[in-house]
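Take a look at the fold below. Follow the chain from its start, then come back to the text.

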Amino acid sequence: MKWLVSICLACFSMIALAQAPISTGFFSNKALDGYDTVAYFTEGQAIKGNPQWSTNYKGAEWHFSKVEHLQMFLKAPEKYAPQYGGYCAWGVSTKNDFAPSDATQWAIVDGKLYLNYNEKVKSRWDQMPLQHIEQADRNWPALIAQ
């Protein structure tokens with residue numbers, strides 16, 4: 001019996017350490033907590049998506065507020081998907097680690113979407129976004145390869 005518990009714990013530990021390429025909820029497979037990633041670009045705000053208009057991309061389910069947004073995403077997902085898989089951009093930059101993000105704490109810089117953990121973290125990120133992007137761009141490839 002002890003060996004079975006040991007094997008289960010070892011397997012769970014390996015799964016817990018692996019990070020998905022797209023940040024989703026612990027008990028959900030929704031990217032951006034169900035917010036419409038295209039709406040940040042077209043509407044300039046965080047808008048909840050509708051499961052009626054959804055697709056799977058990089059192992060996550062993406063919801064959209066309009067069928068047009070779904071179609072735009074399907075044509076160019078890399079254009080609309082958040083950087084660093086939707087994980088907290090400040091966390092990737094300063095902590096070189098994965099942290100969840102709040103879909104309402106966002107910014108578009110040079111045509112790319114960045115999310116942050118909460119309002120306080122976003123205010124830190126907003127002080128030097130270009131430096132954080134530069135550092136996170138260096139950290140991300142090794143981080144996601146783990």
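Two aromatic rings of Phe, Tyr or Trp count as a pair if their centres lie within 6.5 Å. Pairs with planes under 30 degrees apart are stacked, those over 60 are edge-to-face, and the rest are tilted. By this rule, the whole structure, which is a predicted model, holds 13 aromatic pairs.

One of them joins Tyr 87 and Trp 140. Their centres are 6.1 Å apart, and 45° separates the planes, so the pair is tilted. Which parts of the chain does this pair link? Tyr 87 sits in the loop between helix 4 and helix 5, while Trp 140 belongs to helix 7. The two residues are 53 residues apart.

Are these two rings' residues buried or exposed? The cut-off for buried is under 20% relative accessible area. The table gives both values.

| Residue | Relative accessible area | Class |
|---|---|---|
| Tyr 87 | 5% | buried |
| Trp 140 | 16% | buried |

Tyr 87 and Trp 140 are also part of a cluster linked by ring pairs. Its other members are Tyr 84, Phe 98, Tyr 114 and Trp 125.

Now the overall plan. The protein has seven helices and four strands. From the N terminus, their order is α-α-β-β-α-α-α-β-β-α-α. Of its 146 residues, 38% count as buried. The exposed surface is about 8600 Å², and 57% of it comes from carbon and sulfur atoms. Take the contacts between residues at least 6 apart in sequence: 54% of them join residues at least 24 apart.

Helix 3 covers residues 67-75. Which of its residues are buried? They are His 69, Leu 70 and Phe 73. Seen down the helix axis, these buried residues fall within an arc of 100°, so they line one face. An α-helix has 3.6 residues a turn, so residues three or four places apart point the same way. The buried residues of helix 3 pack against helix 2, strand 1, strand 2 and helix 4. On the face turned away from the buried side, Leu 74 and Lys 75 are exposed.

Strands 3 and 4 make a hairpin, with two residues between them. Asp 110, in the turn, has a positive phi of about 50°. The two strands run antiparallel and are joined by five bridges. Asp 102 stands opposite Asn 116 in strand 4. How covered is strand 4? Four of its five residues are buried.

How values were computed:
Residues are numbered from 1 along each chain as its sequence is written. This is a predicted model: local features need pLDDT of at least 70, side-chain atom pairs count only at pLDDT 80 or more; totals for chains, interfaces and linings use all residues. Side-chain values use heavy atoms; hydrogens and water are left out. Buried means under 20% relative accessible area, exposed over 50%, partly exposed in between (1.4 Å probe, protein chains only). Two strands pair if DSSP finds at least two bridges between them. The arc is that of the directions from the helix axis to the C-beta atoms. Contact means heavy atoms within 4.5 Å. Accessible areas come from the Shrake-Rupley method with a 1.4 Å probe; for residues, only the protein chains shown count as cover. Rings of Phe, Tyr and Trp (its six-membered ring) pair if their centres lie within 6.5 Å; planes under 30 degrees apart count as stacked, over 60 as edge-to-face and the rest as tilted.
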